[in-house]
Amino acid sequence: MKQLLKLTLAVAITTLSVTGHAQKIRLEDGNLDFLKNEKSVNVEFVYENVKVGKYDNEKDYIDKKKEDMNKKEAGTGDKWAKAWIDDRDNRYKPKFEELFTKNTPLQVNDKGNSKYTLVYKTTFLEPGYNIGISRKNAQHNAEVFIVEAANKNKVLARITLDKALGRDFWGADFDTGARLAETYADAGKALAKFIEKQTK
């Protein structure tokens with residue numbers, strides 16, 4: 001009975017924290033009218049000049065984390081650093097695209113031959129942590145540019161997305177990549193709904 005009460009309380013607290021820190025999406029420049037009759041869009045992910053946690057430079061974060069882990073157990077830091085980069089294509093992109101396509105008729109075109117390209121530029125990552133007795137949700141910020149596929153210098157719209165959250169209601173997200181992948185799922189769903197609303 002006590003365990004059930006603890007679980008119910010934990011879920012309630014998590015739910016409160018999620019609703020209290022919802023992400024924000026804003027159309028900063030342009031409009032999305034040109035997407036009204038489109039059936040698909042190309043999607044590209046960009047990771048340049050990304051800040052991570054308290055680090056202004058992603059490389060500094062990776063180097064420090066890798067060094068600390070290798071000191072504790074040789075090779076673990078190198079393995080983690082590789083996974084950090086690999087997760088972009090293996091976890092973040094699929095999660096984003098899955099939730100994006102579930103929440104809008106505008107499908108992701110894997111062939112890359114749609115008229116428009118959505119460039120998703122991550123600007124900030126908060127990996128968070130989960131050590132069982134204590135946790136911090138992962139989150140990320142991004143800029144989204146929608147450009148002509150034939151002329152990527154022609155930006156038709158710019159959107160900012162802040163505080164895409166990664167959370168596991170059952171508290172089983174001990175892996176950094178899993179936590180961050182959920183932030184991209186959150187972003188994909190929210191961005192799809194935002195575009196749908198803007199193009200009605």
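Me: How many residues does helix α3 have, and what distance does it reach from its first C-alpha to its last?

Reply: In this predicted model, helix α3 spans residues 76–102, which makes 27 residues, and it reaches 36 Å from its first C-alpha to its last, close to the 39 Å expected at 1.5 Å a residue.

Me: Where does α3 bend, and by about how many degrees?

Reply: The bend is at Asp87 and comes to about 55 degrees. Asp87, which lies in helix α3, has 11% relative accessibility and therefore counts as buried, the limit being under 20%. Once its neighbours within four places in sequence are left aside, Asp87 is in contact with Tyr92 and Gly177.

Me: Which residues of α3 are buried, and what do they pack against?

Reply: As a general idea, an α-helix has 3.6 residues a turn, so residues three or four places apart point the same way. In α3 the buried residues are Gly77, Trp80, Ala81, Trp84, Asp87, Arg88, Tyr92, Phe96, Glu97, Leu99 and Phe100. These buried residues pack against two other helices, α2 (58–72) and α4 (176–198), and against the strands β2 (40–46), β3 (51–52), β4 (107–108) and β5 (116–126).

Me: How should I read the largest nonpolar core, and which residues have the most contacts inside it?

Reply: The general idea is that, in soluble globular proteins, nonpolar side chains tend to be buried together. Here the largest nonpolar core has 40 residues, and those with the most contacts inside it are Phe96, Phe100, Leu118, Tyr120 and Leu191. The elements that give two or more residues to this core are the helices α2, α3 and α4 together with the strands β2, β5, β8 and β9, and the largest share, 9 residues, comes from α4.

Me: What is Phe100 in contact with, leaving aside its neighbours within four places in sequence?

Reply: Phe100 is in contact with Val41, Leu106, Val108 and Leu118, and further along the sequence with Gly188, Lys189, Leu191, Ala192 and Ile195. Of these partners, Leu118 and Leu191 are themselves listed among the residues with the most contacts inside the core.

Me: Is β2 largely enclosed or largely open, and which strands does β2 pair with?

Reply: Of the 7 residues of β2, 5 are buried, so the strand is largely enclosed by the rest of the structure. On the pairing, β2 runs parallel to β4, to which it is joined by 2 bridges, and it also runs parallel to β5, to which it is joined by 5 bridges. To find these pairings in the model, one can start from Ser40, whose bridge partner in β4 is Gln107, and from Glu44, whose bridge partner in β5 is Val119.

Me: Which way do the strands run where β9 is paired with β1 and with β8?

Reply: As a general idea for any such pairing, in a regular strand the side chains alternate between the two faces of the sheet. Strand β9 (residues 151–166) runs antiparallel to β1 (residues 24–30), with 6 bridges between them, and the bridge partner of Arg26 in β9 is Thr160. Strand β8 (residues 138–148) likewise runs antiparallel to β9, with 10 bridges joining the two; Val147 has Val155 as its bridge partner in β9, and a hairpin joins β8 to β9 through 2 residues.

Me: How should I read a positive phi, and what is the value for Asn49 and for Lys163?

Reply: In general, most residues other than glycine have a negative phi, and most peptide bonds are trans. Asn49, although it is not a glycine, has a positive phi of about 55 degrees; Asn49 is placed in the loop between β2 and β3 and is exposed, with a relative accessible area of 72%. Lys163, also a residue other than glycine, has a positive phi near 65 degrees, but its place is in strand β9, and at 36% relative accessibility Lys163 counts as partly exposed.

Me: What is the pattern of helices and strands along the sequence, and how many of each are there?

Reply: The protein has 4 helices and 9 strands, and read along the sequence they follow the pattern α-β-β-β-α-α-β-β-β-β-β-β-α. Among contacts between residues at least 6 apart in sequence, 71% join residues at least 24 apart, and buried residues make up 40% of the 200 residues.

Definitions and conventions:
Residues numbered from 1 in each chain as written. Predicted model: local features only at pLDDT ≥ 70, side-chain atom pairs only at ≥ 80, totals over all residues. Heavy atoms only, no water. Buried < 20%, exposed > 50% of the residue type's maximum accessible area, 1.4 Å probe, protein only. Contact = heavy atoms within 4.5 Å. Expected span 1.5 Å × (residues − 1). Bend = angle between axes of the 7 residues up to and from the residue. Pairing = 2+ DSSP bridges. Core = buried A, V, L, I, M, F, W, Y, C linked by side-chain atoms within 4.5 Å.
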